[in-house]
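Hi,

Here is the structure I promised to pass on. Have a look at it first, and my notes on what turned up follow below.

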Amino acid sequence: MSTSLPRLVIAAPSSGSGKTTVATGLMAAFAGRGLAVSPHKVGPDYIDPGYHALATGRPGRNLDAYLCGPELVAPLFAHGARGCDLAVVEGVMGLFDGASGQGELASTAHVAKLLRAPVVLVVDASSQARSVAALVHGFASFDPEVRLAGVILNKVGSDRHEAILREALDESGVPVFGALRRGADVVTPSRHLGLVPVAERAAEAVAAVAAMAELVRVGCDLDALYAVARSAPSLGSAGWDAAEALGSLPRPAPSRDLGPRTPDGPNGPNGPDRTVEDKPRVAVAGGPAFTFSYAEHSELLAAAGAEVVTFDPLRDEQLPDRTRALVIGGGFPEVYASELSANEPLRKAVGELARSGAPVVAECAGLLYLARSLDGRPMCGVLDADARMSERLTLGYRDAVAVSDSVPAANGTRVRGHEFHRTVVEPGAGATPAWGITRPERRVEGFVQDGVHASYLHVHWASVPQAARRIVARATEVARATEGVTPS
């Protein structure tokens with residue numbers, strides 16, 4: 001199977017050049033023309049895809065050649081873009097910046113080559129004149145396999161400034177697709193880990209996306225950009241499919257005796273054709289405090305036979321009825337520590353679920369929520385550990401291996417993950433750690449106890465789909481023991 005979907009990669013010489021403004025504005029402007037736009041983000045970032053989703057009405061999808069491997073980039077792209085008229089991919093950092101010490105791996109340039117997509121370079125021109133041509137020439141010639149189709153000039157000061165920039169770039173032969181003026185209308189507030197997520201801003205985020213769309217609509221040649229997107233060659237890749245990803249995996253053995261087994265097959269404990277009432281319910285934390293998740297995780301859980309429901313730990317005082325497993329991803333619990341702590345009924349319910357042996361899988365923010373305390377405020381008390389804010393930013397890709405059997409990973413499972421936090425958990429590992437970090441440094445990290453797996457490491461399950469299969473299998477055992485699931 002192949003796709004000839006029109007597509008653009010929006011890149012920049014460096015972070016802070018305006019990629020998010022331009023990419024989100026383009027998504028919203030093209031969507032405003034009636035196109036179905038598929039939004040994508042290079043790298044592990046969770047926040048920008050929230051703005052992309054707001055701009056397009058579709059889930060923001062990440063394309064990470066480090067976390068998922070280069071071989072999954074095109075399939076995941078094709079999966080997210082099914083049924084769309086155009087895909088816009090926002091890059092990460094500078095065009096050629098990838099995983100530290102790994103050459104081009106996971107860079108925007110690497111992903112653009114994997115997608116055979118033309119690149120548009122967003123250049124911060126606020127302190128440049130004719131030198132912009134030298135800068136763009138360098139990026140256009142650095143890697144001949146990257147097709148630099150043109151530039152969008154950002155933070156242009158005046159008509160005269162724009163004329164100077166365009167004249168210089170005319171000499172270089174690189175087309176200019178737009179010039180965006182400096183303006184205060186596009187406000188995307190930041191804090192200690194980057195932009196404030198969409199879920200925390202509501203009306204302000206909607207207004208910001210609308211302002212980005214108008215800025216791009218007025219300042220860019222949308223017709224020329226769409227023509228460039230349509231010039232992308234056919235991409236010979238079948239779309240990723242959650243059911244297919246799970247289909248070749250062996251079914252995990254029961255983790256413990258929780259009652260009589262029921263048959264496998266489409267209506268068995270892991271079958272997607274079971275009725276909703278028979279499916280184990282997996283609750284996924286959401287709301288403003290827990291905004292970091294990959295869409296593919298819920299898709300894998302559903303394909304493995306779960307009913308996936310979301311809940312908001314800031315608002316909901318109980319877990320959803322019939323919850324048999326809990327997934328708590330990343331976010332900003334430190335910002336909402338008082339509110340999370342005040343919701344004592346939910347903290348108690350989470351603790352009871354964890355103590356029952358049900359699967360509870362937590363990453364980063366989830367780890368903090370399961371701790372005994374966060375900045376001195378009581379949390380769920382599932383883990384014998386305390387969390388606090390720190391001045392030090394921990395950021396980067398990690399290679400890791402499971403050092404014990406746990407719900408999402410068998411002992412010896414190798415994964416690639418990402419850490420991104422300004423908090424510290426003491427101790428950093430339990431009596432049974434979750435992971436042994438093998439690169440860039442060697443250490444153990446995280447907590448495994450009965451059905452609980454808690455860690456700072458963010459892992460993309462598309463690269464380890466067995467994590468979803470194992471979670472649902474354990475949840476099925478819990479449901480069978482609790483509810484008495486009957487054979488079909």
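Let me start with Leu 222, which is buried because its relative accessible area is 4%, under the 20% cut-off. Bear in mind throughout that this is a predicted model. Leu 222 belongs to helix α8, which covers residues 222–230. Leaving aside residues up to four places away in sequence, Leu 222 touches Leu 26, Ala 29, Phe 30, Arg 33, Val 216 and Arg 217. Gly 178 is 44 residues away along the chain, yet its C-alpha atom and that of Leu 222 are separated by 8.8 Å.

Several of those contacts lead to helix α1, residues 19–32. Its 14 residues reach 19 Å from the first C-alpha to the last, close to the 20 Å expected at 1.5 Å a residue. Is α1 mostly covered or mostly open? Mostly covered, with 12 of its 14 residues buried. Among the buried ones are Leu 26, Ala 29 and Phe 30, and these three also touch Leu 222. Just after α1 comes Gly 34, with a positive phi of about 95°.

Val 216, another contact of Leu 222, is one of the buried residues of α7. That helix runs over residues 203–219, and its 17 residues reach 24 Å between the end C-alpha atoms, close to the 24 Å expected. The rest of the buried set in α7 is Ala 205, Ala 208, Val 209, Ala 211, Met 212, Ala 213 and Gly 219. What do the buried residues of α7 pack against? They pack against α1, α2, β7 (176–181) and α8.

As a reminder, an α-helix has 3.6 residues a turn, so residues three or four places apart point the same way. You may want to keep that in mind when looking at the buried residues of α12: Leu 346, Arg 347, Ala 349, Val 350, Gly 351, Leu 353 and Ala 354. The 12 residues of α12 (344–355) should span 16 Å at 1.5 Å a residue, and the end C-alpha atoms are indeed 16 Å apart, so the two agree. Just after α12, Gly 357 takes a positive phi of about 95°.

In contrast to Leu 222, which is buried, Gly 57 counts as exposed because its relative accessibility is 67%, over the 50% cut-off. Gly 57 sits in the loop between α2 (47–56) and β3 (61–63). Its C-alpha atom and that of Pro 39, 18 residues apart along the chain, are separated by 9.3 Å.

Now for some backbone oddities. Most residues other than glycine have a negative phi, and most peptide bonds are trans. Here is what to look at with that in mind:

- Arg 116 has a positive phi, near 50°. It lies in the loop between α4 (108–115) and β5 (119–124), and its relative accessible area of 45% makes Arg 116 partly exposed.
- Arg 322 also has a positive phi, near 65°. It is found in the loop between β11 (307–311) and β12 (323–328), and at 29% relative accessibility Arg 322 counts as partly exposed.
- Glu 426 and Pro 427 are joined by a cis peptide bond, with omega near -5°. Pro 427 is in the loop between β17 (414–426) and β18 (435–439).
- Arg 439 and Pro 440 are joined by a cis peptide bond too, with omega about 10°. Pro 440 is in the loop between β18 and β19 (443–445).

Next, the empty space. How many cavities of 30 Å³ or more does the structure hold? It holds three, and the largest has a volume of about 150 Å³. The largest cavity is lined by 16 residues, with Pro 408, Trp 435, His 453, Val 459 and Trp 461 nearest its centre. By type, the lining divides into 11 nonpolar residues, four polar and one charged. β13 (360–363), β21 (452–455) and α14 (466–483) each supply at least two lining residues, and β13 gives the largest share, three.

Finally, the chain as a whole:

- The protein chain has 14 helices and 22 strands.
- Of its 488 residues, 58% are buried.
- Among contacts with a separation of 6 or more, 75% are between residues 24 or more positions apart.
- The accessible surface comes to about 18,800 Å², and carbon and sulfur atoms account for 51% of that.

Cheers

Conventions
Residues numbered from 1 in each chain as written. Predicted model: local features only at pLDDT ≥ 70, side-chain atom pairs only at ≥ 80, totals over all residues. Heavy atoms only, no water. 1 Å grid on protein atoms, 1.4 Å probe; cavity = no way out; pocket = protein on both sides within 12 Å on 5 of 7 lines; lining within 4 Å. Points joined across faces, edges and corners; volume = space filled by probe spheres on them. Helix = DSSP H or I, 4+ residues; strand = E, 2+ residues; numbered from the N terminus. Nonpolar A, V, L, I, M, F, W, Y, C, P; charged D, E, K, R; others polar. Buried < 20%, exposed > 50% of the residue type's maximum accessible area, 1.4 Å probe, protein only. Contact = heavy atoms within 4.5 Å. Areas by Shrake-Rupley, 256 points an atom, 1.4 Å probe, with all protein chains shown as cover. Expected span 1.5 Å × (residues − 1).
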